[in-house]
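Hi,

Here is the structure I said I'd pass along. Have a look at it first, and then read my notes underneath.

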Amino acid sequence: STVRIWRADPARTVMLHPWFSEVQVLRDVSGWINALALHSKEETLYVGDERGHISVYRPAGGAMRLSRWRQQPRVHSLGVTRLLLVPGERVLVSASYDCTAKVLDTRSGAVTRIIDSPHRSRFTALCWDGARSELLLGDESGHLSIWDVGGEGCLKCERLWGDGALPKQGGEKVAAALANAVRVSRIDSTGPRVGKPGPSQGGLRHLALAEGGRLLSSSGTAVDAWRVVHGISSVRAAAHSAAVVAVAGPGTAAVCDEGEERRSDAARSPEAALSTRSSESAVYSASLDGTIRAWDPQDMSCTSIFHEVRSEIACLIHCPRCERLVTGHDDGAIRLWHVDSGSTVTLSGHSNTVTCLSVDTRGKSVRLLSSSFDGTVGAWDISGQRPPRLELLFAAHEEEVLAVRA
């Protein structure tokens with residue numbers, strides 16, 4: 001139960017390995033020492049111990065030796081596990097085995113905010129975002145919490161590691177909920193995330209901010225890099241009278257070479273290029289009420305409505321290359337909708353509900369793939385150089401085909 005203070009020996013600074021000499025031993029700490037925080041400019045030392053006390057040591061009478069200036073008993077009901085000092089904000093953050101984190105004013109020692117873990121897991125990682133004055137907390141269950149300690153409170157809480165962590169989409173882990181105007185997405189990882197979080201593995205062990213605003217976290221066997229995006233807003237667009245079965249928008253349907261896409265766009269007439277840019281800037285939704293609606297992504301106002309009267313819509317994709325929406329239906333039909341006029345072309349081939357659609361764009365060729373409850377997969381040429389036609393229809397599975405991808 002001691003703290004030993006070492007200083008660099010000025011007479012040995014030119015040595016290959018700097019030499020440190022012991023100058024003081026603090027023996028008046030009331031229990032096992034679990035956490036330390038140091039303000040080097042003011043030479044102030046904060047000590048957290050097993051009893052939940054936090055002691056503050058400062059130089060006494062201009063001397064180089066430290067003495068206890070203040071002790072705050074029972075800041076936590078159980079032992080202190082982490083201390084984080086933020087000198088610019090005059091804030092000290094402590095975490096404890098009692099599954100709480102507390103924010104203290106370093107001048108008065110008063111507790112200004114108490115943060116209870118919503119998952120009853122102790123906080124194992126503390127980090128301060130100085131650019132936004134936000135506190136980032138990682139806990140034993142693998143959750144990240146982002147706090148505005150001076151105002152709004154918790155801005156975001158997402159599980160980054162363990163069972164139920166953020167799903168992987170397009171090479172990134174993306175947070176699905178944007179209710180608090182913050183999104184967290186994984187950029188890269190150095191290893192597998194195996195096992196379940198718990199006391200033996202520590203959940204999120206460390207958090208740190210890197211260049212470019214990236215957040216680094218270590219957990220289990222991996223180090224992950226995350227992107228935290230603020231200022232995301234959402235608008236509720238409620239116009240359908242029945243369940244929405246599909247949503248399509250820019251970049252959700254076609255797989256293509258970006259250079260080929262640009263060259264093809266450049267070769268089109270100005271009128272065609274303008275139409276394509278218009279269609280690519282819209283979001284489309286299909287519903288069991290028999291309508292397809294186009295939405296302006298800026299304010300989510302409805303810009304156009306198409307009506308389907310023959311069969312319920314089961315799936316929807318958008319193909320900007322051929323300026324079409326493509327829908328699959330319960331009766332096995334596939335319809336191509338012109339995004340401006342709403343005119344349709346119907347394709348027949350499946351004998352049961354069309355479950356999934358995918359578009360593959362290679363050069364001037366645009367191929368549509370479809371799957372169905374009848375166990376078949378179809379390949380269709382919808383390049384536009386000639387009427388759409390079925391190239392291949394084959395039995396892919398003995399049971400229903402639920403998904404297909406180009």
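Below is what I found, taken one region at a time.

One thing to keep in mind throughout: this is a predicted model.

Let's start with the sheet made by strands 3 to 6. Four strands form it, in the order 3-4-5-6, and the sheet is open with antiparallel pairing. Its edges are strand 3 (33-39) and strand 6 (66-72), each of which pairs on one side only. Going from one strand to the next, the twist averages 25°. If you want to zoom in, try strand 5 (residues 54-59), which pairs with strand 6 in the antiparallel sense over six bridges. A handy landmark there is Val 56, which stands opposite Arg 70 in strand 6.

There is another sheet further along the chain, built from strands 26 to 29. Four strands again form an open, antiparallel sheet, this time in the order 26-27-28-29. At the edges stand strand 26 (313-319) and strand 29 (344-347); each has a single partner strand, so one side of each is left without a neighbour in the sheet. The twist here averages 20° from one strand to the next. Strand 28 (residues 334-338) runs antiparallel to strand 29, and four bridges join the two. To find your way around that pair, look for Ile 334, whose bridge partner in strand 29 is Leu 347.

Next, a residue to click on: Thr 100, which sits in strand 9 (residues 100-105). Is Thr 100 buried or exposed? Its relative accessible area is 7%, and because the cut-off for buried is under 20%, Thr 100 counts as buried. What does its side chain make a polar contact with? The partner is the side chain of His 76, at 3.1 Å. Leaving aside neighbours within four places in sequence, the residues in contact with Thr 100 are His 76, Ser 94, Ala 95, Ile 115, Asp 116 and Phe 123. So His 76 turns up both in that contact list and as the side-chain polar partner.

Last, the cysteines. How many disulfides does a search of the whole structure find? The count is zero. I also looked at accessibility for a couple of cysteines. Cys 99 is buried, with a relative accessible area of 11%, whereas Cys 302 is partly exposed at 33%. Those labels follow because buried means under 20% and exposed means over 50%, with partly exposed in between.

Cheers

Technical notes:
Residues are numbered from 1 along each chain as its sequence is written. This is a predicted model: local features need pLDDT of at least 70, side-chain atom pairs count only at pLDDT 80 or more; totals for chains, interfaces and linings use all residues. Side-chain values use heavy atoms; hydrogens and water are left out. Two strands pair if DSSP finds at least two bridges between them. Axes are lines fitted to C-alpha atoms, for helices over the stretch in contact, and angles run from 0 to 180 degrees between N-to-C directions. Buried means under 20% relative accessible area, exposed over 50%, partly exposed in between (1.4 Å probe, protein chains only). A polar contact is a pair of N or O atoms within 3.5 Å; within protein, one must be able to donate a hydrogen and the other to accept it, and residues adjacent in sequence count only if both atoms are side-chain atoms. Contact means heavy atoms within 4.5 Å. A disulfide is a pair of cysteine sulfur atoms within 2.5 Å.
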